[in-house]
Amino acid sequence: QVTLRAGAELNAHWVYTLTLRATCPGEEKVEKQLFVWVTAAQVLHCDAPFASTEGDVVQVLADVAPRTPLYAVMPQPLGGLTVSGVCPGGHNLPLQQPWGCRNPRHGGGGQGLPPPISLQFRLRNHNTPLVLTNQGLVLAPAGGFDPSKGTQTFRLEIDVMDRKGHNCSGAVRVEVLPSCRPCVSFLEPQQAVTVPGVIGPLEVVTQVHASGDNVRYAILAPVAPTFFTIDEMTGKIRSTHQLEVAQELLLVQAYNALNPSDHATTMLNITVQGTDQQQPSCVPAIFVSQVPETMLPGSALVTLRCTGCEGAEECLQYTLEGPPASRSHFCMEGPQLQVSTTLDYDSKAAVTVGFQFTATIMVTAGGQPPRSTHVPVLVTVTPVNEFTPVCPNGTTFTVPETAAFGSAVGLIAGTDRDYPLNSLEYSLEGGPGPEQPFSIDVHTGEIRVVGPLESQQHKSYRLTVRLTDIRNDLDPAKRRSCLCAVTVHVQAVLDQAPVCTPEVQELWIVARSGSRQPVTRLACQGSRDGTTLTYSIAGGNENGHFQLEGNTVLYLSNNLPEPRTFVLLVEVWSGSSASRRSTVMALVVHITPRSTPVPPSTTTQHTTPLKERLVVTRTEAVWHPPAWFVAVLTVSGALLLAALGCMARSLLRREQKQGLIAAFCSSHSNRVPGKLLLGKRQVLHGQGSCISEGQPFMRERWGPSTFSPIPPPQEQFDGRAQDPRTGRDYLFNSKTGARRWI
């Protein structure tokens, strides 16, 4: 069996020659050659311009249909496996076509196309509306492009991988150009159609027409028309069945079939009159208006011009129908629609109806039976900024002088009656500064501290807050504001005693001669940030051995004859001397001279002074492992010991087996003396077989360099004897039976 060495590199189109030699006992050597021919494997390679830095370029129009193929990544056999971008139809970009690509290498089918190869495509950037399919097709967005925008550019970075893991990458840049086609539009947004006589089923009533490309028509409202239907292609409106007297309001939409987002609507009021029952006809047939909330009662909104009563308008009656909210705000004075009460935009009634009032004017003509027509009305009320914001004057807050940065002082509760209610912005006149260390939240009106407060310099601060309303008028520039006076009193806070860490220190130093030696630096903090602290040695400074410079303790060397301990009391305070609050900390300093003289041999009684007890706290870090760690460590140790035991047992069995095989070979040689070669040692080979050292080893299907001879074991002989047949002396091993001729 011939295998490829790990990490080996082969050269394509080379032929490697392997020479194999085999020998068997009692036979001649056999030598054969094995030829290995290395061929080139397929690799994946992305072709230009798809694999270039800029990528391939595709230009399409903005009105391209949704999910139209714009680009295709296709495999092509060029030496290895080449991937390049092509157009699905194989054309260069014409701006008149819905999709295009650049520099295709192959067409869409026929001879010359590469065989189907399983490739995987992955989009590296997902910030694009374009779609990449599993077949390598780049599609337009499902909703199409927005034709209202200018030139748009989208970049797609694509990874290609085959089933063997080879991969390459490329990029496509899609440029969306503005469409030159006209938008869909109706000439008349409102139309009224009157049919004087009876009409039969599927009879054409009227036809709507919209300008644009690929125009289609549909009825949006009502969702299920009762009397009429529309032809999607021509826009012709037909009756669903025979109609004698009927009226229906239709909302018709025209849209571009290739770009549904390009659409327009028109309103149709269709009235079918009987042969002798002609209904009144009014202009306008639909009334839609937008009025401010300050319109005075009695103002006229519209005057209807209706006919259908033998030319006399006196026989026509006008009635307003609709929800109670609409009938309470509007009324009819003959053919004139008027405002009856104030249209308050800030009222609950206006908010409930969404600031839109709907109604219907019914025009009835006399006769038997009476004939009538309906004119829909939609009135939208717009806001007017009528009221000025109000805030409570004389607002007072109190804040301690130790308040931290960002602390809340109080809340200004401003009000505004314009809808939306209390829609205000807050600002502080003059802004924050040293003389006014406050700020206010622009939306909530909450005042906060943004600077230091000194009660001795400022007992109180007088602030001016401006309240400005927002979103209360149709014109954003029309805004109202007011000023509020706010007083903030600063409450004095008594100073607290400084805090020192630690309160007791024990120090050891070796004295240096002729200099001031630093001992320690005291770490103390006042009750306020930036408070100046004063330090003084209150006791224990015998003979002036120590001195303070700020918060640093210095030792003045004066050549002490022997080690000595000093207990210093340091007082720390802040503020003036009259009203100061202080803290006392203790320092235990052990001074050791640089060279201590040898004391005399005379016995001297020393009296040990009674020292004050000193408590020293020391923290030691102890690691307590969790229970799971102890369990894992125990199991790992047990598994390691078991593995070592199995290994020792395997080695012991192997040595016992070799000894048994050697004993068997020795006894076999004694029984068949003719097979024993003089002057040769027996060795073990293979699966327990006995061969002489003079015989060649068996090599099957391997070359001469594959194996090396096994060295003979080092035998220990404990006896000597003479062979009765030959008379020669030999050494033997009484345990294994092995022999060696002398």
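Hi everyone, let me start with two aromatic residues: Phe546 is buried, and Tyr555 is buried too (buried means under 20% relative accessible area, with a 1.4 Å probe and protein chains only). Before going on, a word on the source: this is a predicted model, where local features need pLDDT of at least 70, side-chain atom pairs count only at pLDDT 80 or more, and totals for chains, interfaces and linings use all residues. Residues are numbered from 1 along each chain as its sequence is written, and side-chain values use heavy atoms, leaving out hydrogens and water.

Back to the rings. The structure holds 14 aromatic pairs; Phe, Tyr and Trp rings (the six-membered one for Trp) pair if their centres lie within 6.5 Å, with planes under 30 degrees apart called stacked, over 60 edge-to-face and the rest tilted. Phe546 and Tyr555 have ring centres 5.4 Å apart and planes at 50°, so this pair is tilted. Elsewhere, ring pairs join Tyr345, Phe355 and Tyr419 into a cluster.

Now to the nonpolar cores, meaning sets of buried Ala, Val, Leu, Ile, Met, Phe, Trp, Tyr and Cys residues joined through side-chain atoms within 4.5 Å. The largest has 27 residues, and Leu301, Tyr318, Phe330, Leu337, Ile361 and Val363 touch the most other members. Strands here are DSSP runs of E, at least two residues long, numbered from the N terminus. Several of them supply at least two residues each to this core, including β22 (287-292), β25 (316-321) and β28 (356-365). β28 gives the most, with five residues. Apart from this core lies another, of 26 residues, among them Leu44, Leu123, Val138 and Leu156.

Next, a strand with two faces. Which residues of β13 (190-195) point to the buried face? They are Gln191, Val193 and Val195, while Gln190, Ala192 and Thr194 point to the other face and are not buried. β13 pairs with β20 (259-272) in the parallel sense over six bridges, where pairing requires at least two DSSP bridges between the strands. In β20, Asn269 is the bridge partner of Ala192.

Let me also show you a loop residue. Asn385 sits in the loop between β29 (371-382) and β30 (395-400). Is Asn385 buried or exposed? Asn385 is buried, with a relative accessible area of 7%. A polar atom of the Asn385 side chain lies 3.2 Å from the backbone oxygen of Lys478.

Finally, the unreviewed UniProt entry lists residues 627-648 as "transmembrane region". In the model, that span is 100% helix and 0% strand, with its end C-alpha atoms 32 Å apart.

Note on methods
Buried means under 20% relative accessible area, exposed over 50%, partly exposed in between (1.4 Å probe, protein chains only). Helices (H or I, at least four residues) and strands (E, at least two) are DSSP runs, numbered from the N terminus. UniProt positions are given in the numbering used here, feature names are shortened, and annotations may be inferred rather than shown by experiment. A polar contact is a pair of N or O atoms within 3.5 Å; within protein, one must be able to donate a hydrogen and the other to accept it, and residues adjacent in sequence count only if both atoms are side-chain atoms.
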